[in-house]
Amino acid sequence: MGADAASDLAWKVEEACLNAWPSPRQVVMGDWLIRISGGPTRRTNSVNPMRAPSYDPASVLETAQAMYRRQGQDTIFRIPSIALGADRQLEDLGYAYEGETCTLFADLGQAAPTWDHAVELTTRPTGEWLKAKARLSPMQESEHWIYEAMLGAIAAPRAFAASRVDGDIASVAYGVVHDGLLVVESVVTDERLRQRGLARRTVGKLIDWACGQAAKGACLQVVADNAPAHMLYRSLGFDRELYRYHYRREPVDRRPAQARRVTLSSES
């Protein structure tokens, strides 16, 4: 694949990932998307570059800072490696580096359905699915409504998968198909039941569903140093890294005293 085609695919995947984890509140300003959801998830509480020939963080900085100040939050930029030039300018402004994440891709052109009927699939997140997600990936009670609002904002076709052990949901994930791409999100398994293939079956069910939606590729984003997750996804065909992203957080001495630090999250 040539450089232009690789760049086109990477930006197509970036668009799909943004649409699969939307912020209920966001503002487009020039070449930037300012996302403000509240809660701890940096992806939906950060400034994201859109595809453009060049980037100038200064063009959006004052507006973004004012918006996050009103929420009592730090100003955070999310910088994909394909957004050339933006990172150096933020570094020069003292914005700190954190949270490196990989974007992985799988070609579904040769995917063979597994037809795992033991894995449940719904087009909406049931109450039981949401309770299982909250239990398996603990959230503060005040964050539950933010996560549900984010799910409710997804406009593309979506599916929610769950695997059970002894009648209880032990593994969950959801998927969204956008422009022929499956985006896999919120993969989590009961830590007591890991290494039993539950996550692999759950994600596999989403891949089967996506093939039925005419998806030709699949993508997901995983923290760079999460070796077990990388092994799992490689076994499912996610064997190509398209790009990485990280965050730049405003310097401590520039934050207002009342700012609420957005903490790390499994949904980075």
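Which residues form one aromatic cluster with W21? In this predicted model, the partners of W21 are W129, Y147, F160 and Y174. Two basic side chains come into the picture here as well. R43 places its charged end over the ring of W21, at 4.4 Å from the ring centre, while K133 lies over the face of Y147, 4.6 Å from the centre of that ring. So two rings of the cluster, W21 and Y147, each carry a positive charge over the face by the criterion used here, which asks for NZ of Lys or CZ of Arg within 6 Å of the ring centre and within 35 degrees of the ring normal.

Aromatic contacts turn up elsewhere too. The total for the model is 9 aromatic pairs. One of them joins W32 and Y55, edge-to-face, with 5.7 Å from centre to centre and 65° between the planes. This pair ties together distant parts of the chain: W32 belongs to strand 2 (residues 32-35), whereas Y55 sits in the loop between strand 3 (47-49) and helix 2 (58-70), and 23 residues separate the two. Are these two rings buried or exposed? W32 has a relative accessible area of 1% and Y55 one of 7%; both count as buried because the cut-off for that label is under 20%. Another pair is made by Y245 and Y247, whose ring centres lie 5.7 Å apart; their planes meet at 90°, so this pair is edge-to-face as well. Y245 is buried at 1% relative accessibility, and Y247 is buried at 0%.

Stepping back to the whole chain, the fold is built from 7 helices and 11 strands. How does the radius of gyration fit a compact globule? For 268 residues such a globule would come out near 18 Å, and the chain has 18 Å, so the two agree. Along the principal axes, the C-alpha atoms fill a box of roughly 55 × 45 × 30 Å. Buried residues account for 53% of the 268 residues. Contacts reach far along the sequence: among those with a separation of 6 or more, 72% come from residues 24 or more positions apart. On the outside, the chain exposes about 12700 Å², with carbon and sulfur atoms supplying 50% of that area.

The interior is worth a look of its own. The largest nonpolar core has 48 residues, and V13, F77, W129, L151 and Y174 are the ones that touch the most other members. W129 and Y174 are thus familiar names, as both also appear in the aromatic cluster. Helix 1 (residues 3-20) gives the most to this core, contributing 7 residues. Apart from it lies another core, of 26 residues, including C102, A173, A215 and A229.

Helix 1 also holds A20, a residue that is buried, with a relative accessible area of 0%. What does A20 touch beyond its neighbours within four places in sequence? The contacts are M150, I154, Y174, V176, V183 and E185. Y174, a member of the aromatic cluster, is thus one of the contacts of A20. The C-alpha atoms of A20 and A155 are separated by 8.5 Å, although these positions lie 135 residues apart along the chain.

H230 offers another view of the inside. This histidine is placed in helix 7 (residues 227-235) and counts as buried, at 13% relative accessibility. Setting aside neighbours within four places in sequence, H230 is in contact with C102, L104, V222, V223 and A224. C102, one of these contacts, is also listed in the core of 26 residues.

Finally, a couple of backbone oddities. Most residues other than glycine have a negative phi. D179 has a positive value instead, near 50°, and is found in the loop between strand 8 (168-178) and strand 9 (181-189). Q195 likewise has a positive phi, near 70°, and lies in the loop between strand 9 and helix 6 (198-212). Is Q195 buried or exposed? With a relative accessibility of 78%, Q195 counts as exposed.

Conventions. Residues are numbered from 1 along each chain as its sequence is written. This is a predicted model: local features need pLDDT of at least 70, side-chain atom pairs count only at pLDDT 80 or more; totals for chains, interfaces and linings use all residues. Side-chain values use heavy atoms; hydrogens and water are left out. Rings of Phe, Tyr and Trp (its six-membered ring) pair if their centres lie within 6.5 Å; planes under 30 degrees apart count as stacked, over 60 as edge-to-face and the rest as tilted. Helices (H or I, at least four residues) and strands (E, at least two) are DSSP runs, numbered from the N terminus. Buried means under 20% relative accessible area, exposed over 50%, partly exposed in between (1.4 Å probe, protein chains only). The radius of gyration is taken over C-alpha atoms; the globule rule is 2.2 Å times the number of residues to the power 0.38. Contact means heavy atoms within 4.5 Å. Accessible areas come from the Shrake-Rupley method with a 1.4 Å probe; for residues, only the protein chains shown count as cover. A nonpolar core is a set of buried Ala, Val, Leu, Ile, Met, Phe, Trp, Tyr and Cys residues joined through side-chain atoms within 4.5 Å.
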